[in-house]
Amino acid sequence: MTNNKKEVYALFLPQFHQIPENDLWWGEGFTEWNNVKKAKPLFASHNQPQIPRDGYYDLSKVETLKQQERLLKENNISGFCFYHYYSEGQLLLEKPSQNLLNNKDIDINFFFSWANHDWRRTWYSFNNELLFEQKYGSDKEINAHYDYVRNFFLDSRYKKIENKPVFIIYRSDLVDDFEKMKKIWNMRAIQDGFDGILLISTITGRGIDKNSHAFDGYFAFEPDAILSEQLPKFSRRYQNLKAKLVPRINKVSNKKILRQKFTYHSLINISVNNPINYQGKQYIQGAFARWDNTPRHSYNGRIITSASKSEFIRYLKEKINNSDKNALPIIIINSWNEWSEGSNIEPNSIEGDIYLKAVKEAFND
């Protein structure tokens with residue numbers, strides 16, 4: 001029987017088009033496809049590079065969104081959670097979401113996850129050079145940020161729950177004076193005819209933000225939330241230590257070590273059997289189909305092996321059938337198109353569209 005209570009969205013990375021900042025930082029014409037194409041297998045049976053079945057598209061083109069709309073509709077996916085980059089009026093990678101806003105005929109529902117972190121030169125090397133600094137600013141800047149996003153909030157395709165636009169913040173612990181931001185944004189939203197903003201704190205690899213009491217709820221960003229909140233304490237300490245030491249070892253050693261490796265089966269079992277304590281708050285469930293971010297980080301990355309369509313379906317059904325009253329009616333898959341993190345459910349040249357079909361089958365079972 002089809003489950004009509006929950007919708008599934010996929011995180012959407014808007015990196016696959018040229019912007020002046022990436023030209024400056026990484027070289028003329030750089031897009032995320034450069035990292036995807038450069039990937040190399042690090043061990044026997046390591047399936048790299050990943051090749052998109054439908055070609056290396058350009059997200060600055062409206063036609064690309066129309067092609068993705070077709071895939072969404074064919075596989076019971078409601079839409080995208082766009083990463084949103086905004087720092088004191090400076091935008092990055094805004095073209096895809098603006099294309100969607102400006103083309104009302106494209107039937108893709110959406111909302112934002114504010115990726116409010118600095119950009120640093122961490123790909124491939126243990127390098128902390130600052131490229132783009134995240135700033136928050138005064139009341140004026142907080143209002144200016146709302147002025148930008150309100151155009152999206154007012155769009156009928158933007159996801160609302162109980163007449164509140166959904167707005168996720170990736171690093172809630174970094175926001176300067178969040179309570180002030182919340183007060184201003186809620187006031188502005190009510191003036192726009194909403195009942196406020198649904199402000200969601202992301203559970204990242206750093207775990208639950210201990211100062212997130214003012215947020216309306218949580219989003220379990222997987223697999224990071226599993227590793228930071230659900231992995232047994234001893235394993236968590238070991239993995240955290242390894243994650244810190246391996247990049248330093250790889251920087252000076254000719255013999256490279258893989259930073260982290262897990263099996264998909266083991267992680268989803270931990271997720272199912274050791275639920276997160278959401279502290280009585282509402283929450284958005286996360287899910288992931290697979291993971292391999294070695295295209296970005298080489299041996300300093302993380303690989304999750306043995307993912308399969310059947311395991312992904314089983315995992316999605318656990319989310320769909322969750323009857324907890326605090327579970328909001330959204331499941332967010334990580335991700336639609338994070339090709340350099342190997343978490344994409346877009347079709348690839350070897351497995352085809354099995355992960356898209358898995359979503360459809362899980363919701364139609």
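Leaving out neighbours within four places in sequence, V246 is in contact with I257, L258, R259, Y299 and N300. That makes a handy starting point for a walk through this predicted model. From V246 we can look at helix α8, then turn to a three-stranded sheet and the helix that lies across two of its strands, β11 and β14.

**Around V246 and helix α8**
- V246 lies in helix α8, which spans residues 233–252.
- Because its relative accessibility is 4%, and buried means under 20%, V246 counts as buried.
- V246 and Q260 are 14 residues apart in sequence, and their C-alpha atoms are 9.0 Å apart in space.

**A nonpolar patch on the surface**
- L241, L245, I249 and I257 make a nonpolar surface patch of about 320 Å².
- One of these patch residues, L241, has its place in helix α8.
- I257 is worth a second look: this patch residue is also among the contacts of V246.

**The three-stranded sheet**
- The sheet is open, with strand order β11-β14-β13 and mixed pairing.
- Its edge strands are β11 (260–263) and β13 (291–292), each of which pairs on one side only.
- Strand β14 covers residues 302–305 and runs antiparallel to β13, with two bridges joining them.
- Across this pairing, W291 stands opposite I304 in β14.

**A helix across the sheet**
- Helix α9 takes in residues 264–273 and lies across β11 and β14.
- Relative to β11, helix α9 runs at about 75 degrees.

Terms used: Residues are numbered from 1 along each chain as its sequence is written. This is a predicted model: local features need pLDDT of at least 70, side-chain atom pairs count only at pLDDT 80 or more; totals for chains, interfaces and linings use all residues. Side-chain values use heavy atoms; hydrogens and water are left out. Two strands pair if DSSP finds at least two bridges between them. Helices (H or I, at least four residues) and strands (E, at least two) are DSSP runs, numbered from the N terminus. Contact means heavy atoms within 4.5 Å. Axes are lines fitted to C-alpha atoms, for helices over the stretch in contact, and angles run from 0 to 180 degrees between N-to-C directions. Patches are made of residues with over 30% relative accessible area and no salt bridge: like charges are joined within 9 Å, nonpolar side chains (Val, Leu, Ile, Met, Phe, Trp, Tyr) within 5 Å. Accessible areas come from the Shrake-Rupley method with a 1.4 Å probe; for residues, only the protein chains shown count as cover. A salt bridge is a side-chain nitrogen of Lys or Arg within 4 Å of a carboxyl oxygen of Asp or Glu. Buried means under 20% relative accessible area, exposed over 50%, partly exposed in between (1.4 Å probe, protein chains only).
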